[in-house]
Amino acid sequence: MTTSFIILTLLLIAAILVAWFYRSRADIILRESRSQQIENYAYRDANLDPNAFYNVQRIETDRPKYRQYNGCWGVCRRTSKRGFMFCATIKAFTDDDDDFNRREAEELCEKLNAR
């Protein structure tokens with residue numbers, strides 16, 4: 001009787017651990033999917049929102065494809081849809097002269113905000 005109880009308890013603990021593992025994996029997938037969906041909306045709705053605002057900022061990203069632009073000046077498009085703030089980098093300036101990059105980004109930003 002005691003052996004059966006111990007075996008059943010161990011099986012219950014194993015089932016709980018497996019369920020917790022799959023739940024945490026599902027949460028990670030959901031978060032990644034949501035961030036990709038937000039990014040897709042930003043690119044898809046790029047020309048549809050008249051309230052878009054362009055600003056100059058330093059680029060900070062953790063995506064491997066774009067890490068080479070970390071710390072560079074860039075022009076970002078900001079808009080809000082369905083309660084979310086979308087930010088899409090329009091152009092990154094990668095010249096060696098940091099002041100030149102900032103001035104070029106500000107000039108482009110002024111042109112984009114003027115329309």
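In this predicted model, E106 is partly exposed, with a relative accessible area of 33%. Its partner is R102: the two side chains meet in a salt bridge, 3.3 Å from N to O. R102 is partly exposed too, at a relative accessible area of 29%. Both residues sit in helix α2, 4 residues apart, so about one helical turn separates them. The pairing doesn't stop there, since D99 is linked with R102 and E106 in a network of salt bridges.

Helix α2 also takes part in a contact with a strand. D98 in this helix and R58 in strand β1 form a salt bridge at 2.8 Å, N to O. R58 belongs to strand β1 (residues 53-58) and D98 to helix α2, so this pair ties together parts that are 40 residues apart in sequence. Both ends are partly exposed, R58 with a relative accessible area of 35% and D98 with 32%.

Over in helix α1, R23 and D27 lie 4 residues apart, about one turn of the helix, and their side chains join in a salt bridge of 3.4 Å, N to O. Here R23 is exposed, at 55% relative accessible area, while D27 is partly exposed, at 30%. The count of salt bridges comes to 5.

Stepping back to the overall layout, the protein chain has 2 helices and 3 strands, running α-β-β-β-α from the N terminus on. Of its 115 residues, 19% count as buried. The mean pLDDT of the chain is 83, with 87% of residues reaching 70 or more. Confidence is highest in helix α2 (residues 98-114), at a mean of 89, and lowest in helix α1 (residues 2-44), at 83.

As for nonpolar side chains, F5, I6, L10, I13 and L17 make a surface patch of about 530 Å². One of them, I13, is found in helix α1 and is partly exposed, at 42% relative accessibility.

Aromatic contacts come to 1 pair. The ring centres of F21 and Y22 are 5.3 Å apart with the planes at 75°, so the two meet edge-to-face. F21 counts as partly exposed, at 41% relative accessibility.

Then there are the cysteines. A search of the whole structure turns up 0 disulfides. For C76, the closest cysteine sulfur is that of C87, and at 4.1 Å it is too far for a bond. C76 is buried, with just 1% relative accessible area, and C72 is buried as well, at 16%.

How values were computed:
Residues are numbered from 1 along each chain as its sequence is written. This is a predicted model: local features need pLDDT of at least 70, side-chain atom pairs count only at pLDDT 80 or more; totals for chains, interfaces and linings use all residues. Side-chain values use heavy atoms; hydrogens and water are left out. pLDDT is the predictor's confidence in each residue, from 0 to 100. Patches are made of residues with over 30% relative accessible area and no salt bridge: like charges are joined within 9 Å, nonpolar side chains (Val, Leu, Ile, Met, Phe, Trp, Tyr) within 5 Å. Accessible areas come from the Shrake-Rupley method with a 1.4 Å probe; for residues, only the protein chains shown count as cover. A salt bridge is a side-chain nitrogen of Lys or Arg within 4 Å of a carboxyl oxygen of Asp or Glu. Buried means under 20% relative accessible area, exposed over 50%, partly exposed in between (1.4 Å probe, protein chains only). A disulfide is a pair of cysteine sulfur atoms within 2.5 Å. Rings of Phe, Tyr and Trp (its six-membered ring) pair if their centres lie within 6.5 Å; planes under 30 degrees apart count as stacked, over 60 as edge-to-face and the rest as tilted.
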